[in-house]
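User: I would like a close look at one part of this model, followed by a connected account of how it relates to the rest. Please keep it plain.

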Amino acid sequence: MAVSGTDEDRIRPSHGSPWLERVVSIVAWAALVAFTLLTIGLPLVGVGTFLGTDLLTGFAPWSSSLASTHPIINGLVGDTIDTVTPQTWAIAEAARSGELAAWNPYVAGGAELGGLPNSGIYSPLSVAWWFVPLAYAPGISKLIEIAVVALGMALFLGRLRVPHPAWPVASIIFLSSGFMIAWTNWSQTQVAALIPLLFWTFDRVATRRSFFDAVPLALVAASMILGGFPAVTAYGFMFGALYVVVRVLVLRQRFLDIVRVAVTGVLGLLGGFALSAFVLLPFVINASSVIDFSVRRQSSEMRLSLLDLLSSVIPSVLAAAEAGPEPVDSAIERFSYIGVAAVVLGLLAIVLRARCRHSAGPFWFIVTALVGCIVVIYIGGPLLEALQTLPVFSNNPIARLRVIAGFLAAVLAAFGVTALLRIGGISEPEPEARPSGLVANLTWPGVGIAFGAAVVLLVVNGVDSALRSIAAPELRALADQVKAEAVSAIWIACIVLAVAVLVVAVPWQLAKTVAICAVPLLVVGPAIVVADGWWPKSPSNTVYPVTPAIAFLQEHVGEDRFATAEQTMLPGTATMYGVRSVGGHAYHTREWKQLLEQVEPDGFISATYSSLRNGTLDESIESPILDRLGVRYVIVDPNLGVPGTVESASEGPGTIPFGSQTPVRSASRVGPVRSVFFRFASGVQDAPDGSRLVVRLVDDATGAQLARTATWYPHLEGLRSVAVVGEGIPESTSWHAELTLSHGTGLIPQDAASPDVIALSVVRPVADTLRVVHTGDATILERQSAFARVRWANSAVVESSPTRRVSMMDDPDLSSDTVLLEHRADMAPNEDSSATISPSTQQPDGEQRFAVTSDGAGWVVIEDSLRRPGWSATIDGTAVPLLEAEHAGAAIRVPGGIHEVVISYEVPGRSLGLLISLVAAAAILIASLWQWRRRRGRRIRATRTSGRSSSCASRPRDSPSCDELPAAP
């Protein structure tokens, strides 16, 4: 029997059902709302905070003060707590007091702050940080990100004539993609959230041929630049430009139209750079003078693995890989989640392409670009090697291209939802003509089936590899999780495919609608589970609490500095607490880094993270460089031993019970002590919520307490060292230690000489310049040999060689009243002068003022990291040279008498950048007003023309024609 019409006409109805489409749309948008509420809802209403500050419970001094045994949700977000949040909050706090926090004096000897986009606080998506309390700001910022992604997807997909129900589905997929999940609370996701809006503006540029379309492009581009993560911005611009090229070629526009599109796009991007010039120019200057890009150089071997690609459908395989024998990079750089439902929807979009026409140019661009991203990210080879010769790709891990892959996968999945809706007769068909030629004649169902088979093989092989890496019995639970997720992924894939079969084969639209309504649920369910496992929701009491150790530093550090050992007090948090740290998490100048590496060769945990190391602390803590840099205190973990002479106690054959009801004591000792240590023969039992250990030194003669240290531990076992403030105990005083445990019971070996007391060893003071000044939540050692951070020098020596300068800085014979200069021209006659320097008045913009009273000429030496553009000095308001001194710091030659010395920091390039930004903003405002007036005029003329037409239509047949009537005024 002959059938009229094409196969496509038989399968696809001629019109859709608005009511059924509305039902599917409601379900899809409800899924997006559910994703939002179930992932960030509690922090939005004040139940906890959307910050990973629960991480602080794992580090001294917070661990002892917070006494939390709750598991940390995500231990990989340390950067957000150590540097991102403190810097962002410092800028916002200064702004609320009417100041620009241009300079951060608290980390790495000082670093640029408010003049740069690094924190992302100038992004429109960071508006919450300026107005709401710290605990609320991250959650509200994430809510804004979700809203911006949803808006951008709606606008972009709407231009591609993708039906409404696909918009929230694509939004959920992109929001829950690996990059957006793993980088949450960094500025990376704030930039990435604007990618859908960026493509919307690029599509307008490519199709509307209006110069005014440069305005929305400029606004979005500027917002991305202000977000503070250049790599994501550059990726967006590159792929957006390629999209415009493809769009223009498919539309086969005239040459003049192509020129108009090119000019509009260039104007838009230039406008974005101009609007953000007030932070972009300072960033460029800072990057060229401070940042060492050589450590970020990439190679074609630096790609992700196919096992990482498997995490797109089975998230737990990354944990399996980390459990294996080979070291791997952070999961933040590798997590590739998309969701099996999104993968199947993408395959359906390709397979059903022959039956449901999508917008041709965008569709093929999405498919091709996504395949290209997968190849360069997970396979590498010559293509990746070629890309890494280009800017951005050359010094950024290719893994960060996952942000574009996630966006492309979300859009492709939206095309898959579109195919189901249109074939099912629920949405209007695409009116655009089907492309002709080779592209249209390819057998895409066959290609889709082959691709699907490859994906299945990848899943099987990946799961097998992951499970093989889990050999230890204690990791069997992880293996079971991988298997469970693999089974869930298979079931979800089967359900989505069943929906596709129902849509194609079942004739009842209601059944098709019910089936399609399951798609958003299959997308959002796993997305919520993944986000819940990554995104932080910390108790409110963990938001940077001030512990006794931190309070001690705030009270005593003053104008000087402290140093940290390992990750004690996470040195970047010094910004949050307002105390100066010699190290920290920031971009270090080359000179400051060289000094720190002389103190501790392995002191850089990463290229931007410096700290002392526990294993070499005995040597590094007495470095003369630390003296010259004004490091007066060192904070270490409370269980770390302190320098001194060890007097070990001999253990007897038996043990002594130790618990909350049975305090124990040691044998008597005489004289000063820095710490005591002992061994648990068996770990403390029956203390699921941890236990507080109290060590008291008691005078044998009077029973008076000589020293006390109390520290909470999540568990106690093995060797335990406890520092005590006991260096002031007189040499003749006899004392003993008493140990008390708040919860649980354990066993401590008995003393070999006195079986009724525990074996307790001690560490005695030695002839050094250290002194234990605080114990408990952390141990703080005072370095009594430290110079003042700002001091007076009456003599100078000159050394032009950087290597020799570093060695001289490490020479204990170089006295505090001698300044090390770099240029012979800066020398002046030495005078036997002395001076008093008042404490500085530190301003958020970097300015420091000193009142100097001296009996002769000399130098004011400032041991800050000042080797960068922007610094200047004055004496009594008159500009004077800021001399390069002390390898990384500066000095000012000051005559005798009473003077006010001021050093100030002007963000380099900010004035010119601000002028450019203001001119650009004014130009955009004028263009917008002109466009508004132009459109208003068109509407008025259209209204008048419509009125004349209606009047003509109502005239009698024998009346004059409208052409004969006078024109409207």
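With which residue does Asp203 form a salt bridge, and how far apart are the closest N and O atoms?

Analyst: The model is predicted, and what follows is computed from it. Asp203 forms a salt bridge with Arg159, and the closest N and O atoms of the pair are 2.7 Å apart. Asp203 belongs to helix α10 and Arg159 to helix α6 (residues 137-159), so the salt bridge ties together parts that are 44 residues apart in sequence. In the model as a whole, the count comes to 34 salt bridges.

Asp203 also takes part in a helix contact. Helix α10 (residues 195-208) packs against helix α12 (residues 230-251) at an angle of about 30°, and the two axes are 9 Å apart. Angles under 35 degrees count as roughly parallel, and α10 and α12 are therefore roughly parallel to each other. Their crossing is right-handed. On the α10 side, the contact is made by Ile195, Leu198, Phe199, Phe202, Asp203, Ala206 and Thr207. On the α12 side, the contact residues include Val232, Phe237, Phe239, Tyr243, Val244, Arg247 and Leu251. By class, this contact has 13 nonpolar, three polar and two charged residues. Asp203 is thus listed in the contact with α12 and is also the salt-bridge partner of Arg159.

A second helix pair can be set beside this one. Helix α17 (residues 340-351) and helix α20 (residues 402-423) pack at an angle of about 65°, with their axes 7 Å apart. The crossing of α17 and α20 is left-handed, whereas that of α10 and α12 is right-handed. From α17 the contact takes Ala342, Leu345, Gly346, Leu348 and Ala349, and from α20 it takes Leu412, Ala413, Phe415, Gly416, Val417 and Leu420. These residues divide into nine nonpolar, two polar and no charged.

The loop between α19 (382-387) and α20 holds Val392. Val392 has a positive phi of about 75° although it is not a glycine. Another backbone feature is found at Pro61, in the loop between α2 (18-44) and α3 (62-66). The peptide bond from Ala60 to Pro61 is cis, with omega near 5°. As a general rule, most residues other than glycine have a negative phi, and most peptide bonds are trans.

The strands come next. An open sheet of three strands has the order β9-β18-β13, with antiparallel pairing. Its edge strands are β9 (651-659) and β13 (682-685), each of which pairs on one side only. Direction ignored, neighbouring strands of this sheet are turned by 35° against each other on average. Two bridges join β13 to strand β18 (residues 745-751), and in that pairing Gln685 has Thr745 as its bridge partner.

Strand β32 (residues 897-905) pairs with strand β26 (residues 848-854) in the antiparallel sense over seven bridges. Here Arg849 stands opposite Val902 of β32. β32 also pairs with strand β28 (residues 871-875), again in the antiparallel sense, over five bridges. In this second pairing, the bridge partner of Ile875 is Val901 of β32.

Conventions
Residues are numbered from 1 along each chain as its sequence is written. This is a predicted model: local features need pLDDT of at least 70, side-chain atom pairs count only at pLDDT 80 or more; totals for chains, interfaces and linings use all residues. Side-chain values use heavy atoms; hydrogens and water are left out. Axes are lines fitted to C-alpha atoms, for helices over the stretch in contact, and angles run from 0 to 180 degrees between N-to-C directions. Helices (H or I, at least four residues) and strands (E, at least two) are DSSP runs, numbered from the N terminus. Angles under 35 degrees count as roughly parallel, over 145 as roughly antiparallel, 65 to 115 as roughly perpendicular and the rest as oblique. A crossing is left-handed if the near helix is turned anticlockwise from the far one by less than a right angle, and right-handed if clockwise. Contact means heavy atoms within 4.5 Å. Ala, Val, Leu, Ile, Met, Phe, Trp, Tyr, Cys and Pro count as nonpolar, Asp, Glu, Lys and Arg as charged, and the others, Gly among them, as polar. Two strands pair if DSSP finds at least two bridges between them. A salt bridge is a side-chain nitrogen of Lys or Arg within 4 Å of a carboxyl oxygen of Asp or Glu.
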